[in-house]
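Biologist: Please pick one part of this model and take me through it closely. Then follow its surroundings outward, step by step.

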Amino acid sequence: MSAGHVPHTEGQISQNARFQCREFKVRDLTIKAFVRNPDVQMECDREHFDFFWDSDIVGQVIWEPSFILAEYVMDNRQSISGKRVIELGSGVALPSIIASSFADVSVASDNNASALALAETAWSLNAEALSQEQHNFQTKFIDWRKPVDEALRGSFDYVLAADVIYTTGTARPFLATAVSLLAEGTSPQVILLHEQRRAISADGGTENFDSSLQATLDLCSEFGLQYQQVPLSCFLAPGYTTTLPPERMADIACYIFEREG
């Protein structure tokens, strides 16, 4: 498999005033990463759907579902150990960086070069702490609207995704890409965390959940997948802390997809 690395150094990113190096705690691991500065991050969050069209900024923030997925990866390291893992729409790639410490290969993929550069920088900042060599972690440019490279097809035991489906139009490309990456005959899984964001009507009145998650679930049978929703509590360790209010945490849904039959 080609590594597909994006040439970008820690120094180049650190010189950009938009970013700051921060430390994130996942169980007993402390992970360093360059992310968009908090003022910009909060401003983006307030913008809701209008913001999500800026893919540059989306991939430069670690959203809550990524932290939760990273917790899940840590909890299931025995199952993931020695397996091949790929994260779709990885952004900074917290879950796949952690997976690289025990997976055979862990790939962070995105369709945004800036996000992949941040992922590579984050890995380089943490490689020594994770005791990993470069071959365990790779980055790959993947555009869901295009066929997956033949070298990647049927190659992965786990496909990870956190907060990557923002519109109903992304549901089909996401599923098509995920299914094409799944290995045959190994009970592979797609693990999706999704924060159901609230869309405010044009008159500023009714507030409804976006329909992107439901669109994804409705298409599963077409792609030969079955799914189960997993309680959020199964993904979190006791004492998990978050800055999100309870109502936002309640909006995060966790799903595991497998092939039918």
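Modeller: Start with the cover over helix α8. Its buried residues are covered by, among others, β3, β6 (158–162), β7 (189–195), α9 (212–218) and β10 (225–230). Contact here means heavy atoms within 4.5 Å. Helices and strands are DSSP runs numbered from the N terminus: H or I over at least four residues for a helix, E over at least two for a strand. This is a predicted model, so keep the filters in mind: local features need pLDDT of at least 70, side-chain atom pairs count only at pLDDT 80 or more, and totals for chains, interfaces and linings use all residues. Residues are numbered from 1 along each chain as its sequence is written, and side-chain values use heavy atoms, with hydrogens and water left out.

How much of α8 is buried? Helix α8 spans residues 171–181, and 8 of its 11 residues are buried, so the rest of the structure largely encloses it. Buried means under 20% relative accessible area; exposed means over 50%, and partly exposed lies in between (1.4 Å probe, protein chains only). The buried set is A171, P173, F174, L175, T177, A178, S180 and L181.

Now step back along the chain. The loop between β6 and α8 holds D163. D163 has a positive phi of about 60°, yet it is not a glycine. Most residues other than glycine have a negative phi. D163 is also buried, at a relative accessible area of 3%.

D163 leads to β7, one of the elements covering α8. Strand β7 contains E195, and E195 touches D163. Its other contacts, leaving out residues up to four places away in sequence, are P65, D210, R248, D251 and I252. E195 is buried, with a relative accessible area of 3%. Its side chain makes a polar contact with the side chain of R248 at 2.4 Å. A polar contact is a pair of N or O atoms within 3.5 Å; within protein, one must be able to donate a hydrogen and the other to accept it, and residues adjacent in sequence count only if both atoms are side-chain atoms.

Next, take β3, which is also part of the cover. Strand β3 (residues 84–88) runs parallel to β4, paired over 4 bridges. Two strands pair if DSSP finds at least two bridges between them. One such link joins I86 to V107 of β4. Strand β4 (residues 105–110) is mostly covered, with 6 of its 6 residues buried. V105, V107 and S109 point one way, while S106, A108 and D110 point the other way.

Beyond β3 comes a loop that ends at α6, and A93 sits in it. A93 has a positive phi near 80° and is not a glycine. It is buried, at 1% relative accessible area. Helix α6 (residues 94–99) includes S96. S96 counts as buried, at 0% relative accessibility. Its side chain reaches the side chain of E87 in a polar contact at 2.6 Å. S96 also contacts S106, V107, A108 and F137, with neighbours within four places in sequence set aside.

After β4, helix α7 follows, covering residues 113–130. N112 caps the N-terminal end of α7, with a side-chain oxygen 3.0 Å from the backbone nitrogen of S114. The expected span of a helix is 1.5 Å times one less than its number of residues. On that basis the 18 residues of α7 should span 26 Å; the end C-alpha atoms are 24 Å apart, which agrees. Still, α7 has a kink of about 35° centred on S124. That bend is the angle between axes fitted to the seven residues ending at a position and the seven starting there. Buried residues of α7 include A115, L116, W123, N126 and L130. Just after α7, S131 takes a positive phi of about 55°.

Finally, the whole protein. It has 10 helices and 11 strands. Buried residues make up 52% of its 261 residues. Among contacts between residues at least 6 apart in sequence, 71% join residues at least 24 apart.
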